[in-house]
Each structure stands twice: as C-alpha cells, then as structure tokens.
Amino acid sequence: MSIPKSCVLIALILISFLLGSALAAEESPASPVVLSMVVDGTVNAALADFIVKGIEKAENMDAKALIIQLDTPGGMVSVTKKIIKTMENSKVPVVVYVAPSGSSAASAGALITMAADVAVMSPGTNIGAAHPVASGGENIPTTMAEKVMNDLISYMRGIVAKKGRNTDWLEKAIRESVSVTAEEARDLKVVDFTANSLPDLLKQLDGRQVTKNNTTITLHTKNARVEKIKPGLRFRILDVIAHPNVAYILMIVGMLGIIAEVTHPGAIFPGIVGGICILLAFFASQVLPVNYVGVMLILLSIIMFILELKMTSYGMLAIGGVVSFVLGSVMLFDSGETAMRISYSIIIPTAVIVSLFFLVAMSLVIKSQVKRSRTGVQGLVGEVGVALTDLEEEGKVQIHGEYWNAKADRRIPRGERVRVIRADNLYLFVTKDVAG
C-alpha cells in the first residue's frame, strides 16, 4: 500500500513547523519580570511591612526590578529608616516612581525617593519638605529638633551621595522644608529623570546601570512583563490600627468589654466587642514597639479598680488605679520617637472615661449593698400594717393586703397600726406604730 505524496508532504511540513517552534522557544529568552506596587498614604509601620514583603517577593521571583509608585505626605522617621535599610540591602534594584500627576513625595517620602536605586518623578508632582515634626504636626522643641535634624542629615547624606544625587539640596529639604517640582528635581539632580507613564519609565530604565552590594547591575526592562503586588487584608487592617493611638484605644475598649462580660455574664455584646478589640490590638503589636511593663501597669490598674468595687479602701485603690493607668499608657509603646508614642490628648480623656466608668460601677455596687431589700419577706421590714387580732405574743396582721403570722414585743390591741421591725422565716416581728 503506497502512501500518497501529498500526505508525506503535509507530514514533513508539520514536523518542520514543530521543530522550528521548539528551536525558537529555546533561543528566545522569557520576558523579563518587573514587579510594581502602589504606595499611597502615610509612612507607617504597616507600610514598611508591605514594602519589606514586596522586596522579599521580588527577590524570590528574581525580578529585574521593583517599582514603588509613591504618593505620600510623609510619616515616621524610624519607619522611613527601616524602609531605606531594606531597600539598600535588597538584591533587586528598587525604583521609586513618584506618580501619577498630582502626587507628592513629601517629608519621609522625599527621603525614600532619594535613597532609591533609581529615583523618578512624573510631571506634575513635587518632592521635598522633609523637616521632621512631632506626631501631631507640631514643631519639635529646639534642642531636640537640632539633634533629630543632624542625625537625619548625616544618615541620609552617605546614602544619597552614593547614588550621585544632590546632598546639598537634601540638607535644605530637611532644615528649611524646601520643595521642588519634578522638572526642577531632575535639573537639580534630586531625581534621575522624569517619566510620563509606566511604559515610558520601563523604556528609559532599559540599559541603565545601578550598583548593588558592590555589584553593577544592568537593567533589562524592555518588553518586561509587569506584575502588580496588591496589598492584602493584613496590610489594609494594619494600615488603620498600626497607629499607636488607635492600637491603644482598641486595647482599652477590649479590656473594658471583657471585664463587663465577666462581671455581667450573659450580656454577650461587651464580650464580643472586647474580644475583637483585644485581638486587633495584639495584631497591631506585631509592628509596634510594645513595652510589656506598660501593659502590666494597665492590667494592674484594672485589677485595682475591680478590687475597689469589692472592698472598702476609702478611694486608695481607685487613686492607685488611675496613677497606674496613666503611667502604663505613657510607657505602653517603647520608642524615643514622638510619633510612636500615644498622644496625651488621647491618654487624659481615656483615663478620665475609664475612671468614671469604674466610679459609676462602684457607686452602683455601694447603693445595692446599702439599699433595703424590696423582695421576699425581708422586703416587708419597715412596712406599716394593721393588727387583725389582739397581739399578746402571737397573732395576725395585715400588710399590703396580705395576712401574716406576727409576734409583738408587747400587747397590741386589734385594729392598731403596727410596723414590721424584723422578719424570721414566716413570722413578722412587729411593734406598735408610734405615728399611728
């Protein structure tokens, strides 16, 4: 049986096509991978965690570069240093791109941008105003401000000089809070160049050389496949609760909720709210410098408040609780940086509210202890009734329409008004009502 020539020809064409495709796949390398992440918000502990994990992912994927698209009004100095340290020690080149138009790299953002392996800005953005301030935005006291600025300038100068950028402008940005546009920053060598878009950025990055760990790396970003690193639920939650003031309030509300549930079993709602708040506070403590002596002082204050409800200390336990609570609040986060401490504008109102909470609870307990029982036989003590029979030693009386066996301390004629002085089992001990 002979095979038609047409079939042989088709088979040869298919084999040639498959072999050619295989050889082409071997000869053409895979498209380079570039990771990108959008950073939009204040520089806080949650953001540092997000960036650190992004750099780790870029290293694990052997990406050609990590692009951080930045828009921030600034944030904590200690967190900024952590981010810069991670960028400096990254095996993957880190590109900070201030974008889109209308964005800014202010304060801590300016420092992060200038510390990047490649610093780029989009037209219509600005950079600068890196003068350090306290957490509430107020100026730091003069002596402390000088120390903070000198430390920050000396820290940044070496890093920025190594990148070939303008160290004199950096010092002016920190000391005088100067700020410039993208084009001015490019001309002053604050950043390397400007880019209109991400594709334009990748095009200009291709072939550029950066030095990492004494090794020169040539960036190959032409036709790169860009993969975005999206913030997970962990980051979104931490971004809200990582502020010391928020974490502190969550901890206090959690403690009060659990105490309310323990003292009033079955209330359910306080226990649920308290449990959630405590867990969120513990979650935030992963990225905050928690001082556990401060936590113990706050717990001690709660114990003192509870003991004040159980025993008479003439207010000594309550005073000790307030002092312990305030000291614990001040010491709760162990950091020399103002931005990492709890604001006194939060501590004082919280201390007042917690103290009032326990004072109200204490007053209710005291009232319940001194208040005469209104239920059962004991609730009849002090009530006035009428003798239904002559009371020699025993007899019958009527109290609130009810008939009771009664005993008197002396003879009381029938029809006289009587007052209950004591109750014992089913007997009421009465005396003649003087008012009657």
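**Close-up views of a predicted model**

**View 1. Met156 is a buried residue, with a relative accessible area of 1%.** The model shown here and in the other views is predicted. Burial is assigned because the value for Met156 falls under the 20% cut-off. Met156 belongs to helix α5, which covers residues 142-162.

**View 2. Surroundings of Met156 in helix α5.** When neighbours within four places in sequence are set aside, Met156 contacts Ile84, Leu111, Ala115 and Leu170. For one of these partners, Leu111, the C-alpha atom lies 7.5 Å from that of Met156, although 45 residues separate the two along the chain.

**View 3. Packing of helix α2 against helix α9.** Helix α2 is formed by residues 45-60 and helix α9 by residues 233-241; their axes are 8 Å apart and meet at an angle of about 155°. The pair is therefore roughly antiparallel, since angles over 145 degrees are classed that way. On the α2 side, the contact involves Ala46, Leu47, Asp49, Phe50 and Lys53. Helix α9 contributes Arg234, Phe235, Leu238 and Asp239. Sorted by class, the α2 contact with α9 comprises five nonpolar and four charged residues, with no polar ones.

**View 4. The whole protein, as context for the close-ups, has 14 helices and 16 strands.** Of its 436 residues, 42% count as buried. Among contacts with a separation of 6 or more, 64% link residues 24 or more positions apart. The exposed area of the protein is about 23,600 Å², of which carbon and sulfur atoms supply 61%.

Note on methods. Residues numbered from 1 in each chain as written. Predicted model: local features only at pLDDT ≥ 70, side-chain atom pairs only at ≥ 80, totals over all residues. Heavy atoms only, no water. Axes fitted to C-alpha atoms, helices over the stretch in contact; angles between N-to-C directions. Helix = DSSP H or I, 4+ residues; strand = E, 2+ residues; numbered from the N terminus. Parallel < 35°, antiparallel > 145°, perpendicular 65-115°, else oblique. Contact = heavy atoms within 4.5 Å. Nonpolar A, V, L, I, M, F, W, Y, C, P; charged D, E, K, R; others polar. Buried < 20%, exposed > 50% of the residue type's maximum accessible area, 1.4 Å probe, protein only. Areas by Shrake-Rupley, 256 points an atom, 1.4 Å probe, with all protein chains shown as cover.
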